[in-house]
Amino acid sequence: MDKTKVAATKNITSLSQETRVFPPSKEFSKRAHIRSMSEYRKLYNESIKSPEKFWAKQAKNEVVWFAPWKKVLQWKAPHAKWFVGGKLNVSYNCLDKHLNTPTANKAALIWEGEPASPGRAGEERVFTYKQLHREVCLFANVLKRNGIKKGDRIIIYLPMIPEAAIAMLACTRIGAIHSVVFGGFSAQSVADRVFDCQAKMVITSDGGFRRGSIVPLKKNVDEALAIKDAQGVSLTKTIEKVIVVRRANNDIHIEEGRDVWWHRELEYVNANCPAEKMDSEAPLFILYTSGSTGKPKGILHTTGGYLLGAKMTSKYVFDLQETDVYWCTADIGWVTGHSYVVYGPLANGATSLMYEGAPNFPEPDRFWRIIEKYGVTILYTAPTAIRAFMKWGVEWPKKHNLTSLRLLGSVGEPINPEAWIWYHEVIGGKRCPIVDTWWQTETGGIMISPLPGATPTKPGTATLPFFGIVPEVVDDQGKAVPKNCGGKLVIRKPWPNMLRGIWGDPKRFVETYWSEVKGSYFTGDGCRQDKDGYFWIVGRIDDVLNVAGHRIGTAEVESAMVSNLKVAEAAAVGRPDELKGQALVVFVTLKTGVQASQSLREELRNHVGKEIGAVAKPDDIRFAEALPKTRSGKIMRRLLKQIASGIEIKGDTTTLEDLSVLAKLSSSDE
Ligand code: PRX
């Protein structure tokens with residue numbers, strides 16, 4: 001075990017001194033879907049003892065199928081097929097299914113735009129299920145009209161506006177595969193993703209509002225579509241059409257023959273668009289996420305299993321009830337936005353709220369204003385946001401009536417107990433259970449989480465596995481470690497919404513997830529189980545950072561950095577950060593003759609921003625004459641992490657090639 005893991009384990013030991021336990025209140029449990037630990041255990045045991053029987057029953061109850069499956073699970077490790085031969089459609093399950101029920105006229109999506117003046121609420125759009133169904137059918141016909149067929153890939157690069165959800169659902173309606181790219185990513189990232197999945201279309205908007213300014217999305221797309229590879233070949237030559245939503249009214253270029261306006265296209269179509277009968281294993285979407293190499297992985301999810309997972313976890317973890325106004329604050333560009341803004345809640349007939357902008361625009365009470373205005377009952381957000389709220393002060397939430405809230409959720413990184421308690425007391429008024437949900441882009445849905453009417457929670461742990469999920473903490477040999485010992489988190493058994501592969505890279509799929517521990521899915525996370533069996537996640541053990549809940553591959557940042565001509569070498573590491581969980585620090589050595597300066601530091605930050613996107617901009621760039629390396633030439637990240645965190649260098653430095661490098665790194669900043 002390397003030193004970082006030891007440090008991490010120590011960290012958990014201290015967390016485990018967290019002895020506070022919060023059982024659900026009787027009032028909450030009384031009306032919850034799962035009302036006690038014995039009910040949870042009974043169902044969990046069933047799901048583990050006879051998984052196929054369990055999942056078959058759930059799939060029958062929760063999902064509408066056009067044709068039944070022939071086999072529940074076909075498992076040839078690491079390849080799973082769920083509900084083999086079954087036919088269904090995700091948009092049908094999210095929309096049509098509700099049409100002849102009282103849900104038809106219930107709000108499916110409540111949307112609030114960002115622009116607002118202090119003390120005022122923003123623009124509002126509400127879609128009932130019937131209205132959303134109509135919009136999705138119309139837009140699905142627009143896709144067809146523009147040449148999109150089953151299996152085609154479409155990049156969605158939109159702000160948090162209803163059209164983002166409509167576009168996703170329209171894709172699933174006709175069997176096109178969407179790949180949503182977060183609006184904060186750069187032109188280069190868009191181009192790389194278009195190239196990787198050979199997309200035929202981009203759906204974007206003129207611009208998006210963010211903290212009062214306009215993000216020029218269409219301009220980024222234009223730039224992306226002009227990018228060529230080293231041989232001068234266009235990276236994006238597969239793109240035939242760009243559909244543009246008018247949102248920010250900023251000036252944009254329209255390329256005749258390629259670019260069309262969303263609202264104009266609607267004039268040519270009707271709202272009759274029957275849902276395609278899709279195979280259970282038909283690809284549903286690709287979502288790119290960072291890994292430990294420079295190239296993001298296109299995580300592939302398929303239809304039947306994904307939908308079942310998203311639906312069931314939404315229902316049980318958020319305890320969705322008929323009257324809830326549910327708000328997941330994640331952007332659609334992340335998996336949380338897929339499973340818990342769009343597919344999960346809509347499949348359950350819930351009311352899902354979407355907010356376009358920043359939590360502190362125009363003032364730091366925007367979230368609380370929204371909760372009061374719409375009577376939000378369930379709030380699902382990220383620890384990094386909670387820590388920002390703590391910093392901004394309790395006066396902002398205190399200005400608003402938050403008593404509509406009944407349940408709080410957290411996702412994206414371990415939530416530190418201090419933030420947990422603040423969330424519980426200040427936002428939840430001590431009455432709302434908190435579900436700390438552990439999962440990943442790859443897992444498709446929540447894997448480890450309390451069930452709010454059953455599980456006693458402890459600040460800082462995601463507690464226990466969801467139905468059908470078999471997590472285990474193991475050592476380097478893949479053997480289970482005793483309780484309270486740190487190790488690697490693996491999942492032992494296949495589950496319906498697990499990833500099916502990495503788009504176009506079957507080898508990497510096997511290497512990344514299935515080679516570390518034979519026969520098990522390797523999560524890349526370090527973990528420990530306490531005496532009650534609760535799972536405490538300590539963070540990544542590979543070269544992936546979690547900055548403000550976003551996964552950033554150190555290799556990606558390094559390769560972006562060295563693509564700048566002034567840079568000779570770069571090493572990216574994380575250091576603990578009060579707000580973001582981890583901050584990104586990059587050690588850079590410059591080419592001979594290049595002078596280190598503050599302006600160069602800014603230039604390099606912007607360079608990485610341009611290559612990857614603002615989310616990956618380093619928090620700190622440290623210029624160094626050399627990087628500490630082993631005699632075999634490997635950068636010693638462990639040492640760099642310690643330097644970046646300002647801790648005294650501990651541990652073995654005997655393999656270090658040039659000891660003087662360390663002294664220089666520690667003492668100099670320029
Ligand atoms: O390290 C874990 C952390 O986020 C990683 C997954 O990131 P991503 O695929 O971007 O998905 C984020 C939203 C699901 C995990 O490997 N993580 C996520 N949720 C938690 C967490 N770590 C601790 N506790 C959580 N609740």
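These legends go with close-up views of the cavities, the ligand site, a pocket and one helix in a predicted model. Local features need pLDDT of at least 70, side-chain atom pairs count only at pLDDT 80 or more, and totals for chains, interfaces and linings use all residues. Residues are numbered from 1 along each chain as its sequence is written, and side-chain values use heavy atoms, with hydrogens and water left out.

**View 1. The largest cavity holds about 60 Å³ of space.** Thirteen residues line this cavity, and the closest to its centre are Trp55, Gly309, Thr313, Phe466 and Asn497. A cavity is a set of points, on a 1 Å grid over the protein atoms alone, where a 1.4 Å probe fits but cannot get out. Lining residues have an atom within 4 Å of a point. Volume is the space filled by probe spheres set on the points, which are joined across faces, edges and corners. Helix H11 (residues 303–317) gives the largest share of the lining, three residues. Helices (H or I, at least four residues) and strands (E, at least two) are DSSP runs, numbered from the N terminus. The lining has nine nonpolar, four polar and no charged residues. Here Ala, Val, Leu, Ile, Met, Phe, Trp, Tyr, Cys and Pro count as nonpolar; Asp, Glu, Lys and Arg count as charged; the others, Gly among them, count as polar. In total, the structure holds three cavities of 30 Å³ or more.

**View 2. The second largest cavity has a volume of about 50 Å³.** Its lining includes Asn89, Val90, Cys171, Thr172, Met278 and Thr303. Helix H7 (162–174) and strand S14 (283–289) each give two or more residues to this lining. Six lining residues are nonpolar and four are polar; none is charged.

**View 3. The ligand has 16 residues around it.** A residue counts if one of its heavy atoms lies within 4 Å of the ligand. Asp436, Thr437, Thr441, Asp525 and Arg551 come nearest. By class, the shell has five nonpolar, six polar and five charged residues.

**View 4. Polar contacts reach the ligand from Gly412, Pro414 and Asn546.** A polar contact is a pair of N or O atoms within 3.5 Å; within protein, one must be able to donate a hydrogen and the other to accept it, and residues adjacent in sequence count only if both atoms are side-chain atoms. A backbone N or O atom of Gly412 lies 3.1 Å from a ligand nitrogen. For a backbone N or O atom of Pro414, the distance to a ligand nitrogen is 3.4 Å. A side-chain N or O atom of Asn546 is 3.5 Å from a ligand oxygen. Taken alone, the ligand exposes 540 Å², and the protein buries 96% of that. These areas come from the Shrake-Rupley method with a 1.4 Å probe; for residues, only the protein chains shown count as cover.

**View 5. The second largest pocket has about 360 Å³ of space.** Of its 17 lining residues, Gln188, Asp192, Gly294, Lys295 and Pro296 are the closest to its centre. A pocket is an open set with protein on both sides within 12 Å along at least five of seven lines. Helix H8 gives the most to the lining, six residues.

**View 6. Helix H5 (residues 90–99) is mostly covered.** Seven of its 10 residues are buried, among them Val90, Cys94 and His98. Buried means under 20% relative accessible area, with a 1.4 Å probe and protein chains only. At the start of H5, a side-chain oxygen of Asn89 reaches to within 2.8 Å of the backbone nitrogen of Ser91.

Notes
Buried < 20%, exposed > 50% of the residue type's maximum accessible area, 1.4 Å probe, protein only.
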